[in-house]
Amino acid sequence: MDERLHKLLAQHGLGSRRQVESWIAEGRVLVNGRPAEIGQRVGPRDRVVVDGRDVTKRIQAESTLRVILYHKPSGEMLRRQEGDDRAGVDVRLPALRAGRWLPINALGFGEDGLLILASDGSLVSAITRKAATIPVEYRVRSLRPRQAEEWPAMPLAVDVEGEPVTFSAVERLEGGTTNTWFRVAADRTLPRGAIRALFDAAGLKVSRVMLVKWGPVSLPRDLPRGRSRDLAGAELQALQDLGGLPRASVRAGPPKKPSRGRRGTARAKPGRGKR
């Protein structure tokens with residue numbers, strides 16, 4: 001049965017639909033030796049080449065959806081670029097038989113916490129289109145102000161580069177004499193720097209920011225930094241529903257113990273943040 005080329009390539013993890021469409025427009029995808037066209041349909045007898053690499057067998061194989069949760073440490077790149085020697089998350093992720101891991105949410109180089117990745121580009125594309133409206137929750141560790149008997153009142157709104165950003169909750173949790181954890185939540189994904197701007201406005205210094213919940217998915221308490229785990233059950237179903245993907249059309253990978261990925265010698269200490 002013929003399928004749209006960009007959808008087929010995305011389903012097998014070669015890239016998101018948007019990425020594949022840009023590759024087609026740039027002439028990087030060939031079908032039977034000729035440049036592909038956006039919206040083109042291909043069948044089982046067609047030969048497909050991406051950047052000089054024949055991917056025909058890969059896209060003919062049955063696609064199995066797999067979603068993993070990765071506890072990303074601070075200091076890892078989400079996507080490594082040529083010439084940049086900083087560590088990337090890919091070296092710690094479990095290997096896929098075909099395709100590659102695609103991030104559903106984003107975490108910056110200095111950010112820590114829940115990173116969700118999937119093997120199906122169609123699911124990733126469907127969810128990332130709604131990313132700006134996804135509720136999030138963080139744990140934020142702050143240093144106690146010097147010579148202060150009480151913690152300052154925390155605002156629920158702050159300006160970030162001239163744009164107002166609001167929070168649904170900023171609550172102080174139990175902590176030590178030097179550092180204290182806060183629960184910070186928002187009804188939509190926060191722009192980079194928003195949390196630090198919030199604490200700066202209260203005169204507090206942030207020492208760690210950890211994403212613990214993104215939409216319907218939470219970071220497992222027992223998942224150490226630098227380790228990953230397959231997502232299954234109700235959270236996987238909720239993620240599929242968020243992307244508008246019929247549950248019957250996919251099969252989840254089997255649940256596994258936390259994986260060290262391909263760099264088995266590297267072990268990270270578990271996070272100690274309050275939940």
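## Confidence in the model

pLDDT is the predictor's confidence in each residue, from 0 to 100. The structure described here is a predicted model, and the mean pLDDT of its chain is 83, with 83% of the residues reaching 70 or more.

Two stretches call for caution when the model is read. Over residues 248–252 the pLDDT is below 50, and this stretch has 8 contacts in the model beyond near neighbours in sequence. The pLDDT is also below 50 over residues 263–272, a stretch for which the model shows 17 contacts beyond near neighbours in sequence.

## The nonpolar cores

The largest nonpolar core holds 55 residues, and F167 and F199 are those with the most contacts inside it. Strand β15, which spans residues 205–214, supplies the largest share of this core, namely 6 residues. Leaving aside residues up to four places away in sequence, F167 touches a set of residues that includes L156, A157 and V158, then V184, A185 and A186, and further along L190, A194, I195 and L198.

A second core, separate from this one, consists of 15 residues, among them L9, W23, I24 and V50.

## Helix α2 and the loop before it

The buried residues of α2 are V20, W23 and I24. Seen down the axis of the helix, these buried residues fall within an arc of 100°, so they line one face of α2. An α-helix has 3.6 residues a turn, so residues three or four places apart point the same way. On the other side of α2, R18 and A25 are exposed, while the cover over its buried residues includes α1, β2 (29–31) and β5 (48–50). Just after the helix comes G27, which takes a positive phi of about 80°.

H12 is placed in the loop between α1 (5–11) and α2 (17–25). With a relative accessible area of 10%, H12 counts as buried, because buried means under 20% relative accessible area. H12 and R58 are separated by 46 residues in sequence, yet their C-alpha atoms are 7.3 Å apart in space.

## Helix α6

In helix α6, which covers residues 233–242, L236, L239 and Q240 are buried. These residues cover an arc of only 100° around the axis, and they therefore sit on the same side of α6. The buried residues of α6 pack against two strands, β7 (67–72) and β9 (112–118), as well as against helix α4 (121–128) and strand β16 (217–218). After α6 comes G244, whose phi is positive, near 70°.

Notes
Residues numbered from 1 in each chain as written. Predicted model: local features only at pLDDT ≥ 70, side-chain atom pairs only at ≥ 80, totals over all residues. Heavy atoms only, no water. Contact = heavy atoms within 4.5 Å. Helix = DSSP H or I, 4+ residues; strand = E, 2+ residues; numbered from the N terminus. Buried < 20%, exposed > 50% of the residue type's maximum accessible area, 1.4 Å probe, protein only. Arc of directions from axis to C-beta. Core = buried A, V, L, I, M, F, W, Y, C linked by side-chain atoms within 4.5 Å.
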